[in-house]
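Dear colleague,

Here is the structure I promised to hand over, and my notes on what was found in it follow below. Please read them with the sequence and the coordinates open beside you.

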Amino acid sequence: MKFMRILAALAAPLLLTGCLLSPGKFSSTLDLKRDGSFTFTYVGEIVVTDMSPPPAEFSPSPCYSDDTGDERECTEAELAEQRKDFDAAQAESKGETGMAASAMGGEMGGLGSDESIAELVEQLKKQRGWNKVSYRGNRIIDVEYSITGNSAHGFAFPLVDGGNAIMPFVTIIARKDGSVKVSAPAYSGEAGGGDMAALGAMAGAADAKGKPGQPKPEGTFTITTDGRILTNNTEDGPTMAGANATLKWIVNSRLSKGPEALIGLAGQ
């Protein structure tokens, strides 16, 4: 429940700006050491999902006789007046949405065109870890990402400079007891389940309204560690090779919940 409250709070600006970054086809790894150091990689597609509603279509309202109250055929003048009111309402709604998106102050508000996505790509190229970034077209960004850090500082992927609101694919959170919680809510292939269900349903709703479908998450996430696996939600549990344990998730339409693991580090 706590996660869903956070999800709803983060989703608000995403709905407002009409976009969501999500995995496409990918391979992702996390190598976590007992001293807290880690290396994280993501190679594959990032999909810019357009969550804005399709353009509304004008549908005339019925007209009624003043004498009998019965429905009648609308006159050309009445239809023209209805069309005028409809256009005015659409223009007002579009203006309010644009003002609200601008008020967010983030560049993510303008990812409705190929040009704006290309600008995001150029921004990502300036950030550490983004070794290769290119825009393929059809709202798909190809990336090769690798970064080394320390889990004591926490970690989230992806992050975009400028304070833009983005739902992270993966988070690493250090606990006071010395353990580390790894969560990958976006690595879930089933739109109807998992922690990303709400946003997945929103994105899917656009497809149902006539927008072209976009790639769903499909790939693998592998954690290797010499720490202690305290909890995990893999199907088969860890495999051991000496002091190292490996957890692996196959991400496809059957994986209803994103990967999660709690790992004890040095001192536990």
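In this model, which is predicted rather than determined by experiment, the side chains of Glu-45 and Arg-136 meet in a salt bridge, with 2.8 Å from N to O. Glu-45 lies in strand S2 and Arg-136 in strand S5, which spans residues 130-137, so the pair ties together parts of the chain that are 91 residues apart in sequence. The two partners have their own degrees of cover: Glu-45 is buried, with a relative accessible area of 9%, whereas Arg-136 counts as partly exposed at 48%. Asp-142 also belongs here, since Glu-45, Arg-136 and Asp-142 are linked in a network of salt bridges.

The structure holds six salt bridges, and two others may be of use to you. Lys-125 pairs with Glu-122, the closest N and O atoms being 3.2 Å apart, and both residues lie in helix H3 (residues 114-125), where they are three residues apart, or about one turn of the helix. Lys-125 is partly exposed, with a relative accessible area of 43%, and Glu-122 also counts as partly exposed, at 43% relative accessibility. Glu-260 forms a salt bridge with Lys-257, for which the closest N and O atoms are 3.6 Å apart; Lys-257 is partly exposed, with a relative accessible area of 34%.

Turning to the cysteines, the structure holds one disulfide. It is formed by Cys-63 and Cys-74, whose sulfur atoms are 2.0 Å apart, and the torsion about their S-S bond is about 105°, so the disulfide is right-handed. Cys-63 sits in strand S3 (residues 63-64), while Cys-74 is found in the loop between strand S4 (71-72) and helix H2 (76-104), 11 residues apart from its partner. Both Cys-63 and Cys-74 are buried.

As for the interior, the largest nonpolar core has 40 residues, and those with the most contacts inside it are Phe-40, Tyr-42 and Tyr-187. Strand S2 (residues 37-50) supplies the largest share of this core, namely five residues. In soluble globular proteins, nonpolar side chains tend to be buried together. If you look at Tyr-42 and set aside residues up to four places away in sequence, you will find that Tyr-42 touches, among others, Pro-23, Phe-26, Val-143, Tyr-145, Phe-157, Phe-169 and Tyr-187.

One further position to look at is Thr-246, which is placed in strand S13 (residues 244-251) and is partly exposed, with a relative accessible area of 25%. The C-alpha atoms of Thr-246 and Thr-224 are separated by 4.5 Å, although the two residues are 22 residues apart along the chain. Leaving aside neighbours within four places in sequence, Thr-246 is in contact with Thr-222, Ile-223, Thr-224, Gly-237, Pro-238 and Thr-239.

Finally, some figures for the whole chain. The protein has four helices and 14 strands, and of its 268 residues 39% count as buried. Among the contacts with a separation of 6 or more, 64% are accounted for by residues 24 or more positions apart. The accessible surface comes to about 14,500 Å², of which 53% belongs to carbon and sulfur atoms.

With best regards

How values were computed. Residues numbered from 1 in each chain as written. Predicted model: local features only at pLDDT ≥ 70, side-chain atom pairs only at ≥ 80, totals over all residues. Heavy atoms only, no water. Disulfide = S-S within 2.5 Å. Helix = DSSP H or I, 4+ residues; strand = E, 2+ residues; numbered from the N terminus. Buried < 20%, exposed > 50% of the residue type's maximum accessible area, 1.4 Å probe, protein only. Contact = heavy atoms within 4.5 Å. Areas by Shrake-Rupley, 256 points an atom, 1.4 Å probe, with all protein chains shown as cover. Core = buried A, V, L, I, M, F, W, Y, C linked by side-chain atoms within 4.5 Å. Salt bridge = Lys/Arg side-chain N within 4 Å of Asp/Glu carboxyl O.
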